[in-house]
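Q: I have a new structure open in front of me and would like to learn how to read it. Could you walk me through it step by step?

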Amino acid sequence: MTTEPRTESRNGLPSEPDQAWRRAEAEEDPAAQAEEDPPGQASQAVRPGRHRRPPEERSSYREVFAIGEFRAIWSAQVLSCAGDQFAQVAIAILVYGRTHSPFLTALAYALTYLPPIAGGPLLSGLADLFPRRRVMIACDLLRVGTVGLMAIPGLPFPALCALLFCTVLTSAPFSSARTAMLPDILPGDRFVLGSAVGNITYQASQILGFVTGAALVGVLRPGKTLGVDAVSFGISALIVFFWVKGRPSPRREGTTRPSLWSVSAGGVRTVFGNRILLTLLLFGWLAGFYIVPEGLAAPYARSLHGGPLTVGLLMAAMPVGMVAGAFLISLVAAPSARIKMMGWLAVLSCAPLIGSAWSPPPWTVLLLWLVAGMGGAYQLAAAAAFVQALSPSTRASAFGLAQSGLYAVQGLGILAGGALAQAIGAPLAVALAGLVGLTAATRLAMSWTRLRRQLIAAPRG
């Protein structure tokens, strides 16, 4: 029988989950707790009822952006995301221009998704071994070198692919270090809003980055665009160096530094040995079901007798819904309310997709997918609770595990959806993905109803 590990964090999550569970039950049934307390002690403890709880801390986006370190780390994220998108567009155009091979072009593009899955869980542990600011700067400087080499005219195709793989591979420790540092920069509820800003930034970079990157390639050509990309990573490193505070490594105890493999394995044991962390991880991996519509946008648009505009609208529907939902939830809901809403929002992220089975008109499909995207905004609360519940010494490696798993389940979900669409058509494939996802989300929501009390009660304890 596995013992749940101690998970101390800045937001006050207790080191013993079972004690927090008992405190939550005691608040619901003070009489039961009085029976457990020795005589004379029950009267000394003041246990306010739910109607007398102090108001929860609420933050605003203005307060988040008022912190100089967050503005710096957010600017570095913007440059990093934009650089990734520019590189993807430039490499695709460069490879096709040289080889005129759709297969080799697709292979080069696929290399931008493989590295986080292959090396993410291991390399993310670097941010738990070394100071996280130093890891971010080192990753940016490495990308300056690799992207700069890719800009050399006439570079052989194998060398180009190898440099591209290394460039994307370094994004895993960079992202893990940035996320692990955020709770130190944004304490309490500000971290949730900062996570929302990061989520919106990522979604917007995907939409705007491809358009801007294509325009930049059209003006400067692929080689010079890659040169601009290298400069953007250099600027990101300078921003982090001058405007982000240096903090010591989270692993300062002892005289010997643990190996990277042991740190990564420790992150895996931490997540899979704790019911709350494992449930939050599975909430995140539900994206493997509701990502299917985005992957099937083109064949679905064909079933609706639509053209490229329909494809674009279908692909944008769920990201737009997710951005809107994340903004509203972070702005309106209290911290404990976000935790309570996760279950039914996860159900909402999959349930509307079932309506695709009846082949509704295009505007109805867009509305269903938009609503599903808004339900997917539960990821904001799940990701924030996951990171805050981790010990600082394992925060980066555990996040790297979650992020790499997310890439993997999304890729598998799209592949499975494509295989189903080939056999039964895109509308039925989307509906089936929604049905299976709804079943999984319902089971998680039922389990979360029992576990969330512990997480909500922890800051009060």
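A: Happy to help; we will go from the whole chain to single residues, bearing in mind that this is a predicted model.

Q: Let's begin with secondary structure. How many helices and strands are there in the chain?

A: The chain has 22 helices and 0 strands.

Q: And what share of the residues is buried?

A: A residue is called buried when its relative accessible area is under 20%. Of the 461 residues in this chain, 48% are buried. The accessible surface comes to about 21,300 Å², and carbon and sulfur atoms account for 68% of that.

Q: Which sequence separations do the contacts join?

A: Take the contacts between residues at least 6 apart in sequence: 84% of them join residues at least 24 apart.

Q: Which residues touch the most other members of the largest nonpolar core?

A: The general idea comes first: in soluble globular proteins, nonpolar side chains tend to be buried together. Here the largest nonpolar core has 85 residues, and Phe70, Phe283, Trp369 and Phe386 touch the most other members. A second, separate core has 17 residues, including Leu94, Val147, Leu164 and Val217.

Q: What is Phe70 in contact with, leaving aside its neighbours within four places in sequence?

A: Its partners are Val64, Phe65, Leu182, Ile185, Leu186, Gly194 and Val197. Phe70 also belongs to an aromatic cluster with Phe65 and Trp74. Across the whole structure, a search finds 8 aromatic pairs.

Q: Where does the charged end of Arg143 sit?

A: That charged end sits over the ring of Phe174, 4.7 Å from the ring's centre.

Q: How many disulfides are there?

A: In general, a disulfide is a covalent bond between the sulfur atoms of two cysteines. The count for this model is 0. You can still look at individual cysteines: Cys161 is buried at a relative accessible area of 12%, and Cys350 is buried at 0%.

Q: How can I see residues far apart in sequence meeting in space? Where is Val409 found, for example?

A: Val409 is in helix H21, which covers residues 395-424. The C-alpha atoms of Val409 and Leu286 are separated by 8.2 Å, though the two residues are 123 apart along the chain. Beyond its neighbours within four places in sequence, Val409 is in contact with Trp285 and Gly288. Val409 counts as partly exposed because its relative accessible area is 22%, which lies between the 20% and 50% cut-offs.

Q: What about Leu348: in which helix does it lie?

A: Leu348 lies in helix H18, residues 335-350. Leu348 and Ala372 are 24 residues apart in sequence, with 5.9 Å between their C-alpha atoms. Outside the neighbours within four places in sequence, the contacts of Leu348 are Val371, Ala372 and Gly375. With a relative accessibility of 27%, Leu348 is partly exposed.

Q: Last, the backbone. What is the phi of His305?

A: As background, most residues other than glycine have a negative phi. His305 has a positive phi, near 60°. His305 is in the loop between helix H16 (297-303) and helix H17 (308-332). Ser359 is not a glycine either, and its phi is positive at about 50°. Ser359 lies in the loop between H18 and helix H19 (362-375).

Q: Are those two residues buried or exposed?

A: His305 is exposed, at 76% relative accessibility. Ser359 is exposed too, with a relative accessible area of 53%.

Technical notes. Residues are numbered from 1 along each chain as its sequence is written. This is a predicted model: local features need pLDDT of at least 70, side-chain atom pairs count only at pLDDT 80 or more; totals for chains, interfaces and linings use all residues. Side-chain values use heavy atoms; hydrogens and water are left out. A disulfide is a pair of cysteine sulfur atoms within 2.5 Å. Buried means under 20% relative accessible area, exposed over 50%, partly exposed in between (1.4 Å probe, protein chains only). Helices (H or I, at least four residues) and strands (E, at least two) are DSSP runs, numbered from the N terminus. Contact means heavy atoms within 4.5 Å. Accessible areas come from the Shrake-Rupley method with a 1.4 Å probe; for residues, only the protein chains shown count as cover. A nonpolar core is a set of buried Ala, Val, Leu, Ile, Met, Phe, Trp, Tyr and Cys residues joined through side-chain atoms within 4.5 Å. Rings of Phe, Tyr and Trp (its six-membered ring) pair if their centres lie within 6.5 Å; planes under 30 degrees apart count as stacked, over 60 as edge-to-face and the rest as tilted. A charge sits over a ring if NZ of Lys or CZ of Arg is within 6 Å of the ring centre and within 35 degrees of the ring normal.
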